[in-house]
Amino acid sequence: MVKVGKVLLRSYFSRPTIEVARSLIGKYLVRDNGQGLMAGQIIEVEAYVGPEDKACHASKGRTARTEVLFGPPGHAYVYLCYGMHEMLNVVTEEDGFPAAILLRAVQCDEMLIDGPGRLTRAFGIDRGLNRLDLTTGETLWFEDRGESLPRGALKTYPRIGVDYAGEWAKKPWRFRLKTETGFGRKRR
């Protein structure tokens, strides 16, 4: 297995969630499925911060499902949405504080994989990877490949699909890379 960039360590994810979310744009999600590596540049993410955030799963309290959110940063939180879409999040902040970042889109081999359910299907990510340590450089991880974003390329928006959260839904905690040609080339 050949790693192209530097694996992001636990210390990277133990920072404030919004800071980590902004900095993940342009980094790479890498998956070793046992037959080879698949990598995609992260184009869009969404932040969920703490028990007060009504859009965060932790707002309903600590449960068997959300326990991983309260654990160490850098771990995967994978859950099923609408009974059919697996969603990949990475836990952030300090151990004990529930926060995470949802991966929404990646650019992979000139193809935009847009949508968290499409992303997990393309990368073969399911709930079997829930709680996986994403800082070891094995199975699934994040890499910094030394690329910098063009000035003004990072855009912020309200989060999607969380209208039930009232004012919390309007938080500008969705971050997306805007390319010269729009938001990507082709959709998969």
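Which residues is Glu 147 in contact with, leaving aside its neighbours within four places in sequence? Tyr 28 and Gln 41. Keep that pair in mind. One caution before I go on: this is a predicted model.

Let's place Glu 147. This residue is in the loop between strand 8 (140–144) and strand 9 (154–157). At 42% relative accessibility, Glu 147 counts as partly exposed, because buried means under 20% and exposed means over 50%. The side chains do the talking here. Glu 147 and Tyr 28 are joined by a side-chain polar contact of 3.0 Å. Glu 147 and Gln 41 are joined by another, of 3.2 Å. There is also a long-range approach along the chain. Gly 5 is 142 residues away from Glu 147 in sequence, and their C-alpha atoms are separated by 9.9 Å.

Now, back to the pair. Tyr 28 and Gln 41 are bridge partners, with Gln 41 in strand 3. Strand 2 (residues 28–32) pairs with strand 3 in the antiparallel sense, over 5 bridges. The two strands form a hairpin with 4 residues between them. In that hairpin, Gly 34 takes a positive phi near 90°.

Strand 3 deserves a slide of its own. This strand runs over residues 37–49, and 11 of its 13 residues are buried, so strand 3 is largely enclosed by the rest of the structure. What else does strand 3 pair with? Strand 6 (residues 99–108) is one partner, antiparallel, over 8 bridges. There, Val 49 has Ala 99 of strand 6 as its bridge partner. Strand 10 (residues 174–177) is another, also antiparallel, over 3 bridges. There, Glu 44 is matched with Arg 176 of strand 10.

Stay with Arg 176. Is this residue buried or exposed? Buried: its relative accessible area is 6%, and the cut-off is under 20%, so the label follows. Its side chain makes a polar contact of 2.3 Å with the side chain of Glu 44. So much for the bridge partner. The Arg 176 side chain also makes a polar contact with the side chain of Asp 114, at 3.1 Å.

Last topic: cysteines. How many disulfides does a search of the whole structure find? It finds 0. As a reminder, a disulfide is a covalent bond between the sulfur atoms of two cysteines. Two cysteines are worth pointing out on the model. Cys 56 counts as buried, at 4% relative accessibility. Cys 108 counts as buried too, at 2%.

To close, return to the loop. Glu 147 makes side-chain polar contacts with Tyr 28 and with Gln 41, and those two residues are bridge partners. Thanks.

Technical notes. Residues numbered from 1 in each chain as written. Predicted model: local features only at pLDDT ≥ 70, side-chain atom pairs only at ≥ 80, totals over all residues. Heavy atoms only, no water. Buried < 20%, exposed > 50% of the residue type's maximum accessible area, 1.4 Å probe, protein only. Pairing = 2+ DSSP bridges. Polar contact = N/O pair within 3.5 Å; in protein donor to acceptor, adjacent residues only side chain to side chain. Disulfide = S-S within 2.5 Å. Contact = heavy atoms within 4.5 Å.
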